[in-house]
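Work through these exercises with the structure open beside you. Try each task before you read its solution.

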Amino acid sequence: MLYLIGTGLTAKDISLKSLEIIQRSKKVYLEIYTSKLKEQLKELEEIYKVKIHEASRNLLECTNEIINESINDEISLLIIGTPLLATTHTDLLIRAKEHNVSVNIIHNASIINVMGCYGLYSYSFGRIISIPYFEDNWKPTSFYNNIYNNKINNLHTLCLLDIRVSENEERFMTPNEALNQLMQCEEIERKGLIELNTEVFVICRFGTNEEAIYFGSIEEMLCKNFGKPLHSLIIPCKMDVLEREHVNILFNAKK
């Protein structure tokens, strides 16, 4: 049996049901590719009272090691937030099914819960997008166009920012980097989506005791230091009267 267990947004968000499964599992892995907890691995082991092995992207996507171990034993894969929001987890689920391995999915809180928390209607969000790091010879604008498509359909956009975690690298995109890339996309696409006065929400360390949320123009946000990761953005479409009123109250904004 393979368990895909959402940790929630901090180590102590784990459910009692999940903790029971973790403590009886033959082996416990922590997926380290798609997100990051503020707690270190050693802290996690102390809280859960088990030995935890790191699961890299290569281990999950390029081998069947975890699947093979799950044929005869209970194996837990801890996923920060909730399972199946990343294609990495869906691919693992499908391959496990192909090998006739039973999979039990236990959900938890994730960054998706930010929808509706800061004055915007949760049902007024469109497609969630990811903003990848630009490379010297690779500067995609597809994420810009997805935000644009949301906006013309009067839908807000939650933007997840790229992370790079491997044996040789640990890098987390900052809101400033993401906004600068969006402005570069605007120069290429010229659809009037991103301007210096475009309003954005910057979400910092959501769900932790160090959570901070900022709201204002891109010009204002580019000047700020948002501190430690993880970060996300919300690019709102035109807010209705109640949304604007709620945002003004929450952020003391006068827009």
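**Exercise 1. In what order do the strands of the open sheet with mixed pairing stand, and which strands are at its edges?**

Solution. This is a predicted model. Step one: list the strands. Five of them form the open sheet, in the order β6-β7-β12-β10-β11, and the pairing is mixed. Step two: look at the edges. β6 (129–131) and β11 (212–217) each have a single partner strand, so one side of each has no neighbour in the sheet. Step three: check the turn. Neighbouring strands here are turned by 25 degrees against each other on average, direction ignored.

**Exercise 2. Find how strand β10 is joined to strand β12, then name the helices that pack on the sheet.**

Solution. Recall the general rule first. Strands of a sheet pair through backbone hydrogen bonds, either parallel or antiparallel. Now apply it. β10 (residues 199–204) and β12 (residues 231–235) run antiparallel, joined by four bridges. Pick out one pair: I203 has S232 in β12 as its bridge partner. Next come the helices. Helix α6 (residues 142–152) packs on the sheet and touches β6, β7 (157–161) and β12. The direction of α6 makes about 145 degrees with that of β6. Helix α7 (residues 175–189) also packs on the sheet, touching β6, β7, β10 and β12. The direction of α7 makes about 40 degrees with that of β12.

**Exercise 3. Describe the open sheet with parallel pairing and the helix that lies across its strands.**

Solution. Start with the order. Five strands line up as β3-β2-β4-β1-β5, and the pairing is parallel. Go to the edges: β3 and β5 (103–106) each pair on one side only. Here too, neighbouring strands are turned by 25 degrees against each other on average, direction ignored. Now take one pair of strands. β1 (residues 2–6) runs parallel to β5, and four bridges join them. Within that pair, L4 has I105 in β5 as its bridge partner. Last, add the helix. α1 (residues 16–24) lies across β1, β2 (27–31), β4 (75–79) and β5. It runs at about 135 degrees to β1.

**Exercise 4. What is found where domain 1 meets domain 2?**

Solution. Set the bounds. Domain 1 spans 2–109 and domain 2 spans 112–252. Their C-alpha centres lie 28 Å apart. Count the contacts: 10 residues of domain 1 touch 11 residues of domain 2. Then take the area. About 870 Å² is buried between the domains, and carbon and sulfur atoms give 65% of it. L9, K36 and K38 supply 52% of the area that domain 1 buries against domain 2, more than any other three residues. Finish with the charges. There is one salt bridge between the domains. The side chains of K36 and E170 meet in a salt bridge, at 3.8 Å from N to O. Test that distance: the cut-off is 4 Å, so the pair counts.

**Exercise 5. Where do R57 and E61 lie, and what do their side chains form?**

Solution. Place them first. Both are in helix α3 (residues 57–62), four residues apart, about one turn of the helix. Their side chains meet in a salt bridge of 3.0 Å, N to O. The whole structure has 11 salt bridges.

**Exercise 6. Locate L230 and K49, and say what marks the backbone at each.**

Solution. Take L230. It sits in the loop between α8 (218–221) and β12. The peptide bond from P229 to L230 is cis, with omega near 10 degrees. Now K49. It lies in the loop between α2 (41–48) and β3 (52–55). Phi of K49 is near 60 degrees, a positive value in a residue other than glycine.

How values were computed:
Residues numbered from 1 in each chain as written. Predicted model: local features only at pLDDT ≥ 70, side-chain atom pairs only at ≥ 80, totals over all residues. Heavy atoms only, no water. Pairing = 2+ DSSP bridges. Helix = DSSP H or I, 4+ residues; strand = E, 2+ residues; numbered from the N terminus. Axes fitted to C-alpha atoms, helices over the stretch in contact; angles between N-to-C directions. Contact = heavy atoms within 4.5 Å. Domains from an automatic or database assignment. Buried area = accessible area lost by both parts, 1.4 Å probe.
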